[in-house]
Amino acid sequence: MTPLPALNGKVAIITGTTKGIGRSTAVLFAQSGAKIIATGRDEKEGARTQALMDEAGGDGVFLRQDITSEAEWEHITSEAMSRFGGLDIVVNNAGVFMVKSVADTTSDDYDWIYQTNVEGTFLGMKYGFRAIKETGRGGSIVNVSSLMGQVGYPDATAYCATKGAVTGMTKSAALEGADLDPQIRVNSLHPGVIWTEMLTSQFGDDETLKNGFAEDTPLRSVGMPENMADAIAFLASDQSSYMTGAELTVDGGRGAD
Amino acid sequence: MSELDGKVALITGGTRGIGLACASRLAAAGAKVVITGRSEEAGATAAETLGSNGLFLKQDVGSETDWVAVTAKVQEAFGRLDIVVANAGISNASPMVDMSLEQFRTMHDIHLKGAFLAVKYGAIEMRKHGDGGSIILMSSIMGKISAAGYVHYSSAKTGVRLLAKSAALELGPEGIRVNSVLPGFIRTDMTVAFPEEQIAPIAVPVKRFGNAEEIGDAVLFAATDRSKFMTGADLVLDGGMIAR
């Protein structure tokens, strides 16, 4: 990870920070001098994220949040306004994943994935737009979609459906944000195989499997959360100021195949 | 310690516009920067703005002989090559039925053959040190969408975008990354014929053209380890044009 001075002083809400990509992003933003509201459901892991942000010398706070609750989004955005005096960035990172044949995927499975990945992201954009507009400085929203929001993968029908939805609604929100003054940019990030708990909880944390994924990736490695944090920082900051409605794929080359 | 200390970059079409903005960003991040172009006068002026870390070399990007000569001179001057930005380009429009084969071929020589040679000679140099590298090809949103009169430009830019993907798959195992950048309307000499105040409000969702510096920022991202897991990707910088 490389601290990005362009994030210095920016106020950001980052969801799903209790592990993986979200936690690394919170730490990188802290290293870069941003003011952070880092959210998640697991308070024990949240305390660890808090400690990592503190260690990085950042001005960040972990707050518990269920991103599928509209009331909680209202609360989290008001926390950004009251603690840090405004909001510039939302990183809609929280997501869930499930490997299951389409024939075995229950309505409950689908609803669980859908509510977090789609409705959680939708609400992040909705309340993010409101708070960023109220702040009046313009802003940037980064939605973490997936390579599976661009191409298919077996036994991941529900996940692909939800990530495809994130890819699409990013573009609609981007066009809406472009009509505002000041503007709000909205882009999606499409990670490939990133070695996080989201993956290992489904596939198993197994070296052979990890090496298999690496062998199958043009750059011959799996991605690490830190790699995604750098990409999120780029999209969140003014370093990508002419980019909106775009899909940034960071997948070690898998999607080019 | 800057991000690109010890790295050497080659930027074609680096004497003005987007290329020079990329060169400035890379130089500011600590890289030694070699810019190439056809005009020695423009080259000398541009190299001066880059200070002691900058060097201009004359090059026709569609000429293999020139690529051999230029990479040899880069070796001689700086001893290695880590980053290549294949940016040189031209633009013109003409109804297809009236387009001469020569006009079509010139466009393809500069963009598509130029990109091919950039990847080939870039990779040859990067193999010498074995530390990998980053090759960035300037495609265009005209590599995804098109307009009447641009069969030559659009076909060349689409070719560049997919050439990057094939090269990414081939060179990935060596740690050589290949990505394309797809600018929309950017304020440069190449777009002076397009009046921004008339076009931007209608054609560009963010209602303005981009600056060369904004492309430079994205190229800096693609050139550094901040994008070290990114290869074969398209970086679209178009103010939202192809989102709708």
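## A tour of chains A and B

Start by selecting Asp155(A): with 16 other C-beta atoms within 10 Å, this residue is partly exposed, because the count falls between the buried limit of 20 or more and the exposed limit of 12 or fewer. Keep in mind that you're looking at a predicted model. Asp155(A) sits in the loop that links strand 5 (139-144) to helix 5 of chain A. Check its backbone while you're there: phi is near 60 degrees, a positive value in a residue other than glycine.

Next, follow helix 5 (157-178) of chain A into the loop leading to strand 6 (184-191), and pick out Pro182(A). The peptide bond to look at runs from Asp181(A) to Pro182(A): it's cis, with omega near -5 degrees.

Now hop over to chain B and select strands 1 to 7. They form an open sheet in the order 3-2-1-4-5-6-7, with parallel pairing. At the edges you'll find strand 3 (54-58) and strand 7 (234-237), each paired on one side only. From one strand to the next, the twist averages 20 degrees.

Zoom in on strand 6 (176-183) of chain B, which pairs with strand 7 in the parallel sense over 4 bridges. For one residue pair, show Val181(B) and its bridge partner in strand 7, Leu235(B).

At the other edge, add helix 2 (40-49) of chain B. This helix lies across strand 2 (32-37) and strand 3, running at about 170 degrees to strand 3.

Last stop: Lys207(B), in the loop between helix 6 (196-203) and helix 7 (212-223). Its phi is positive too, near 65 degrees. Is Lys207(B) buried or exposed? Partly exposed, with 18 C-beta neighbours inside 10 Å.

Definitions and conventions:
Residues numbered from 1 in each chain as written. Chains lettered and ligands numbered in written order. Predicted model: local features only at pLDDT ≥ 70, side-chain atom pairs only at ≥ 80, totals over all residues. Helix = DSSP H or I, 4+ residues; strand = E, 2+ residues; numbered from the N terminus. Pairing = 2+ DSSP bridges. Axes fitted to C-alpha atoms, helices over the stretch in contact; angles between N-to-C directions. Contact = placed C-beta atoms within 7 Å.
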